[in-house]
Amino acid sequence: MSYPAASGAQSPASKPLRVGIIGCGKIAINHVHALQAIEGVEVSAVVDVDAQRARAFADAYGIRHAFDDVDAMLSSGIEVATVCTPHPAHEANVLAAARHGVHVLCEKPIAVDLDQADRMIAATDAAGVRFGVVFQRRFWPAAQRIRAAIDEGRMTAPITGSVIARFRRDAEYYAEPWRGRWDTEGGGVLINQAIHHVDLLLWFMGPAKRVFGRIATLAHGEFIEVEDTAVATIEFESGALATIHASTTFDPGHGVQVLVSDRAGNTASVLEFPEGTGLTDVWSVGDEREYRDPYADAFRAGQPFDIPIAEIHGGLVPYHALQIAEFIDAVRNGREPVVTGREARKSLAVIAAIYESSKTGMPIDLAATRSAGANAVTTAA
Ligand SMILES: NC(=O)c1ccc[n+]([C@@H]2O[C@H](COP(=O)([O-])OP(=O)(O)OC[C@H]3O[C@@H](n4cnc5c(N)ncnc54)[C@H](O)[C@@H]3O)[C@@H](O)[C@H]2O)c1
């Protein structure tokens, strides 16, 4: 299934849809650009625990109201909120939105554990508000092309796949107080960076059944306590098999490849290189053959492999724009968004199982964690 074209259209007579942003840090910039480009949407309020940051953000983007209290912002007449806070604050903010009857689009990861995710899904269901989670890399044409090939039967269900994520993150990146700690980030390379690519792998390959994994802090132990490296195998309900290798220790970073292949040998991948940019590097589907080697191209051209975080985010703005417009369209038309809380829970379930597997040394069966409400991650027999 591919996504419907994103649309920001509204009926001309309707009044502006008021939107508020929770958390005025780096990724909130992508949200405000995306929202302010949608016809009939007004970003009318922002909130941050840091009042000065909220005020400065509001002034920079011409937003009327700045708050330092989430409940006050949510009762200021907004109909939609987007959550751009660190991970452990996602649950409280989504629950607050549900309490106020406000539709809510939350940044990834949905949460830091499945209990939180299930409470968020249950609360938004009960309140009758739309709940979406940002996985804007699904909107890359290279990713949509693979999903469309599967939907159209040009590829059958993949039987094997891989995520190879080779990031560079350094002490400066982790100097931000919430990063690098279990209680404030909820994990490392898996839950923060590679979750996007785990989401793509699951979107292409279907439901995961069993996970076996190992995490470690191999290079960055002086400044982080979470994992900088992870390896895992995934067995799918279909019988398909995949691997994940993710690390923030590469210097320079070499981006991420998500590759899938079907029984007939049709093979396709999305390469994120440089970071923030998604392209097709392997396309061998039916008689079609396309190959690109962006590493060699960048090396020959003397281009840096790593680009600053702000530029990575800048490259993602068009895809945030597509997903945010799609969410607004879902709200306006009373339908589910394409990436619901339940959909976003799937990548968290796999990552939580890798963490658990690494702790216990055992494979983890995902069956018991599948439905919202069944929270336990169980060790496979
Ligand atoms: N989709 C993507 O590609 C992408 C990229 C970067 C970050 N993110 C996600 O966006 C979120 C924020 O990341 P960031 O890099 O913008 O972080 P950041 O540190 O730059 O900004 C976070 C902001 O939230 C504020 N904040 C913290 N707790 C709060 C609370 N309880 N209520 C209100 N405000 C609060 C902080 O003061 C800060 O201004 C994270 O979930 C992160 O994983 C997504």
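Residues 17-133 are where I'd like to start: the C-alpha atoms at the two ends of this span lie 19 Å apart, and the span is 44% helix and 23% strand. Please keep in mind that this is a predicted model. As for a label, UniProt lists residues 17-133 as "domain: Gfo/Idh/MocA-like oxidoreductase N-terminal", and that comes from an unreviewed entry.

Let's go into that span with strand 1, residues 17-22. Of its 6 residues, 5 are buried, so the strand is mostly covered. Which strands does strand 1 pair with? One is strand 2, residues 41-47, in the parallel sense and over 6 bridges. If you want a spot to click on, G20 stands opposite A45 in strand 2. The chain gets from strand 1 to strand 2 by way of helix 1, residues 26-36, and this β-α-β crossover is right-handed. Strand 1 is also joined to strand 4, residues 80-83, by 4 bridges, and these two run parallel as well. There, V19 has V80 as its bridge partner.

Now to the part I suspect you have been waiting for, the pocket. The largest pocket has a volume of about 890 Å³. How many residues line it? The lining takes in 42 residues, and those nearest the centre of the pocket are I27, C84, T85, W178 and R179. On the helix side, at least two lining residues each come from helix 1, which we just met, helix 4 (90-99), helix 9 (189-205) and helix 11 (309-333). Helix 11 supplies the largest share of the lining, with 5 residues.

Next, the hairpins around strand 12, residues 267-272. Is strand 12 buried or exposed? Buried: 6 of its 6 residues are. If you look at the two faces separately, T267, S269 and L271 are buried on one side, and A268, V270 and E272 are buried on the other.

Strand 12 has partners before and after it. Strand 11, residues 255-261, pairs with strand 12 in the antiparallel sense over 6 bridges, and Q257 has L271 as its bridge partner. The two strands form a hairpin with 5 residues between them, and in the turn G265 has a positive phi of about 90°. On to strand 13, residues 278-285: this strand pairs with strand 12, antiparallel again, over 5 bridges. Here T267 stands opposite S284. This hairpin also has 5 residues between its strands, and G276 takes a positive phi near 95°.

A quick stop at T233, which is found in strand 9, residues 229-236. Why does T233 count as partly exposed? Because its relative accessibility is 38%, and partly exposed covers what lies between under 20% and over 50%. T233 is also 19 residues away from R214 in sequence, while their C-alpha atoms are 9.5 Å apart in space.

Last one, friends: helix 12, residues 341-360. This helix has 20 residues and reaches 28 Å from its first C-alpha to its last, which is close to the 28 Å expected at 1.5 Å a residue. Of those 20 residues, 15 are buried, so helix 12 is largely enclosed by the rest of the structure. Which residue follows helix 12? G361, with a positive phi near 75°.

Definitions and conventions. Residues are numbered from 1 along each chain as its sequence is written. This is a predicted model: local features need pLDDT of at least 70, side-chain atom pairs count only at pLDDT 80 or more; totals for chains, interfaces and linings use all residues. Side-chain values use heavy atoms; hydrogens and water are left out. UniProt positions are given in the numbering used here, feature names are shortened, and annotations may be inferred rather than shown by experiment. The expected span of a helix is 1.5 Å times one less than its number of residues. Buried means under 20% relative accessible area, exposed over 50%, partly exposed in between (1.4 Å probe, protein chains only). Two strands pair if DSSP finds at least two bridges between them. A crossover is right-handed if, with the strands pointing away from the viewer, the path from the first strand over the helix to the second runs clockwise. On a 1 Å grid over the protein atoms alone, a cavity is a set of points where a 1.4 Å probe fits but cannot get out, and a pocket is an open set with protein on both sides within 12 Å along at least five of seven lines; lining residues have an atom within 4 Å of a point. Grid points are joined across faces, edges and corners, and a volume is the space filled by probe spheres set on the points.
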